[in-house]
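Please work through the exercises below with the sequence and the model side by side, trying each task before reading its solution.

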Amino acid sequence: MDKDTAEDFIYKTLVENEKKTDPKDKLSRKDIVEILTEDHGVPIATAYRYYKDQLNLYKWEVSKPDPDKQLKDSKDEILSNLLDCANDFH
């Protein structure tokens, strides 16, 4: 397994783990590294490095604000302020 394929597998697994509600269904770091090393022949140290890199990328992606949500929140706040202003003039 090449680096890009391994990193893609790790990232997709992290995304899928987020969707799972039962912790027993989620793959741990150890599980992911074992899959890479035992099933695909990736060296252990390399597998852990790939995991660390993809976990950092995943955390960074998750922490970025969603522009659509920000826009909706801004619109809701503006509309709320307009409603308050309209009620003050009644």
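The exercises that follow concern a predicted model, and each task is followed by a solution in steps.

**Exercise 1. Overall build**

Task: Determine how many helices and strands the protein chain has, and decide whether the chain is spread out or compact.

Solution. Begin with the secondary structure, which comes to four helices and zero strands, so that the order of elements from the N terminus reads α-α-α-α. Next, take the radius of gyration, which is 21 Å, whereas the globule rule gives 12 Å for 90 residues; because the value for the chain is well over that of the rule, the chain is more spread out than a compact globule. Then look at the box that the C-alpha atoms fill, which is roughly 75 × 25 × 15 Å along the principal axes. Turning to the surface, the accessible area of the chain comes to about 7100 Å², and carbon and sulfur atoms account for 53% of it, while 19% of the 90 residues count as buried. Finally, consider the contacts with a separation of 6 or more, of which 58% are between residues 24 or more positions apart.

**Exercise 2. Confidence along the chain**

Task: Find which elements have the lowest and the highest mean pLDDT.

Solution. Start from the chain as a whole, for which the mean pLDDT is 86 and 90% of the residues reach 70 or more. Then go through the elements one by one: helix α2, residues 29-40, has the highest mean pLDDT, at 95, and α4 has the lowest, at 71.

**Exercise 3. A salt bridge within one helix**

Task: Identify the residue with which D8 forms a salt bridge, and state where the two partners lie.

Solution. The cut-off to apply is a side-chain nitrogen of Lys or Arg within 4 Å of a carboxyl oxygen of Asp or Glu, and by this rule the count comes to one salt bridge. The partner of D8 is K12, with the closest N and O atoms 3.3 Å apart. Both residues belong to helix α1, residues 3-19, where they are four residues apart, or about one turn of the helix. As for accessibility, D8 counts as partly exposed because its relative value is 38%, and K12, at 46%, is likewise partly exposed.

**Exercise 4. Residues apart in sequence**

Task: For K3, H40 and A45, work out how far each lies, C-alpha to C-alpha, from Y50, M1 and V33 respectively.

Solution. Take K3 to begin with: this residue of helix α1 is partly exposed, with a relative accessible area of 43%, and its C-alpha atom is 7.8 Å from that of Y50, although the two are 47 residues apart in sequence. Move on to H40, which is placed in helix α2 and is partly exposed at 37%; its C-alpha atom is separated by 5.8 Å from that of M1, 39 residues away along the chain. Once neighbours within four places in sequence are left aside, H40 is in contact with M1 and I35. End with A45, in helix α3, residues 44-63, which is exposed at 59% relative accessible area and has its C-alpha atom 9.2 Å from that of V33, twelve residues apart along the chain.

**Exercise 5. A nonpolar surface patch**

Task: Name the residues that form a nonpolar patch with L79, and decide whether L79 is buried or exposed.

Solution. The patch on the surface is formed by I78, L79 and L82, which together have about 320 Å² of accessible area. Locate L79 next, in helix α4, residues 67-89. Since exposed means over 50% relative accessible area, L79 counts as exposed, because its value is 55%. A last step is to recall the confidence here, as α4 is the element with the lowest mean pLDDT, 71.

Definitions and conventions
Residues numbered from 1 in each chain as written. Predicted model: local features only at pLDDT ≥ 70, side-chain atom pairs only at ≥ 80, totals over all residues. Heavy atoms only, no water. Patch = residues over 30% accessible without salt bridge, like charges linked within 9 Å, V, L, I, M, F, W, Y side chains within 5 Å. Areas by Shrake-Rupley, 256 points an atom, 1.4 Å probe, with all protein chains shown as cover. Helix = DSSP H or I, 4+ residues; strand = E, 2+ residues; numbered from the N terminus. Buried < 20%, exposed > 50% of the residue type's maximum accessible area, 1.4 Å probe, protein only. Rg over C-alpha atoms; globule rule 2.2 N^0.38 Å. Contact = heavy atoms within 4.5 Å. pLDDT = per-residue confidence, 0-100.
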